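Visitor: Please take a close look at the helix packing in this model, and follow it outward to whatever adjoins it.

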Amino acid sequence: MKNGTCFVVLFGAGQIGAMVSRLMGPGYRVLCFADNQPAKWGTALLGIPILPLQEGLALAPDCVCLCVLDEERSSAMEGQLRSEGYAGAILRPNDLQIFDARAATMRLLAEQICEANIPGDAAELGVFRGGFAALINAAFPDRRLHLFDTFEGFSEADVALERGLGFSRAKAGDFGGTSTDLVRQKLPFPGQAAFYPGHFPETFGPCEDTVFAFVSIDADLYAPTAAALPLFWDRLSPGGVLLIHDVNSTQFGGAGQAVRAFCRERRLLPMPVCDLHGSAVLRKN
Ligand SMILES: C[S@@+](CC[C@H](N)C(=O)[O-])C[C@H]1O[C@@H](n2cnc3c(N)ncnc32)[C@H](O)[C@@H]1O
């Protein structure tokens, strides 16, 4: 620590590392990224140099932040740090998830939408086990919540397109292991929920005449995201919003591609949200 500044090495020069560097407060200074991939050494991410771990540790950081989200990789990286002789503080991935900018943004938007009496229902495309859907349901206790998912994970057709376009290495069936019952049990106001299990956009039919005030789009892949954007946007109330996840994702490049193409076509500029995966807000005038 010098003059109250904590000097940090970000271990992991990927998408999470990039987001963490943007989230750093004024009391923190990033010295460098450290990464295990030799191809990245000597290059930079967001203007910050990427070094081998040993060279990063030679800069004598006050803290090393593990910039991955899965337990397996974070344990391996922690072991590597200790075996390199690093005895200082380690910020772990779970610490990174204490604050969730996407959830906070959704709650603020919900407060605003309710205060301003913007008419319309809430919805989510891409529900999985209902973690975010439960938060939406809590934030909009008086509104219908339309929930779209295969509830069987990614479909073969979407994944084939995704791979063909080189957007991700998604596999059919990823995000399986869920059910409408499991999600329903998580919802604080289950009576407000309507479930549309199956492949989107074929399941959208019952909502043709629905007006929306808030929609979360979190399907990860290009095809469902590209299909969802005009369907929900054209049914949004003025002042209503789409909150789209994974817009800056390097793991799932298709969602961001779909958003950028839609915004070009409709002459919209998305408002970025600095969560760890990169979300965006599109608000209707
Ligand atoms: C990342 S998960 C959603 C996570 C959830 N929003 C959360 O934050 O807890 C993505 C979901 O999108 C769903 N999905 C992807 N393509 C779909 C499609 N064409 N139709 C329906 N669901 C789809 C998957 O089944 C998966 O459950």
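**Helix packing and its surroundings**

Guide: Helix H5 (residues 101-115) and helix H6 have axes that come within 10 Å and cross at roughly 25°, the axes being lines fitted to C-alpha atoms, for helices over the stretch in contact, with angles from 0 to 180 degrees between N-to-C directions. H5 is therefore roughly parallel to H6 (under 35 degrees; over 145 is roughly antiparallel, 65 to 115 roughly perpendicular, the rest oblique). The model is predicted, and local features need a pLDDT of at least 70, side-chain atom pairs count only at pLDDT 80 or more, while totals for chains, interfaces and linings use all residues. Residue numbers start from 1 along each chain as its sequence is written, and the helices (H or I, at least four residues) and strands (E, at least two) are DSSP runs numbered from the N terminus.

The crossing of H5 past H6 is right-handed, that is, the near helix is turned clockwise from the far one by less than a right angle, anticlockwise being left-handed. H5 brings Ala103, Met106, Arg107 and Ala110 to the contact, and H6 brings Leu135, Ile136 and Ala139, where contact requires C-beta atoms, placed from the backbone, within 7 Å. These residues divide into six nonpolar, no polar and one charged (nonpolar covers Ala, Val, Leu, Ile, Met, Phe, Trp, Tyr, Cys and Pro, charged covers Asp, Glu, Lys and Arg, and the others, Gly among them, are polar).

Helix H6 (131-139) also leads to the ligand, since H6 and strand S8 (145-149) are the elements that give two or more residues to the shell around the ligand. That ligand is surrounded by 20 residues, of which Gly126, Gly131, Phe132, Phe200 and Pro224 are the closest, a residue being near if its C-beta atom, placed from the backbone, lies within 6 Å. By class, this shell holds ten nonpolar, six polar and four charged residues. Phe200, one of the closest residues, is joined to Pro201 by a cis peptide bond with omega of about 15°, and Pro201 is in the loop between strand S9 (193-197) and strand S10 (212-217).

Pro224, also among the closest to the ligand, takes part in another helix contact, in which Asp158, Leu161 and Glu162 of H7 meet Tyr222, Ala223 and Pro224 of H9. Helix H7 (residues 156-164) packs on H9 at an angle of about 105°, with the axes 8 Å apart, which means that H7 is roughly perpendicular to H9. This contact has four nonpolar, no polar and two charged residues.

On helix H9 (residues 222-233) there is a further partner, helix H10 (residues 253-266), the two axes coming within 8 Å and crossing at roughly 30°. H9 is therefore roughly parallel to H10, and the crossing is right-handed. Tyr222, Thr225, Ala226, Leu229 and Pro230 of H9 meet Gly254, Ala255, Gln257, Ala258, Val259, Ala261 and Phe262 of H10, and this contact has nine nonpolar, three polar and no charged residues. Tyr222 thus appears in the contact with H7 and in that with H10.

Other helices lie against strands. Six strands make an open sheet of mixed pairing in the order S3-S4-S2-S1-S5-S6, pairing being at least two DSSP bridges between strands. Its edge strands are S3 (44-45) and S6 (89-91). Helix H1 (residues 15-23) packs on this sheet, touching S1, S2, S3, S4 and S5, and its direction makes about 165° with that of S1. Helix H3 (residues 71-83) lies across S1, S5 and S6, running at about 155° to S5.

Methods: Contact = placed C-beta atoms within 7 Å.
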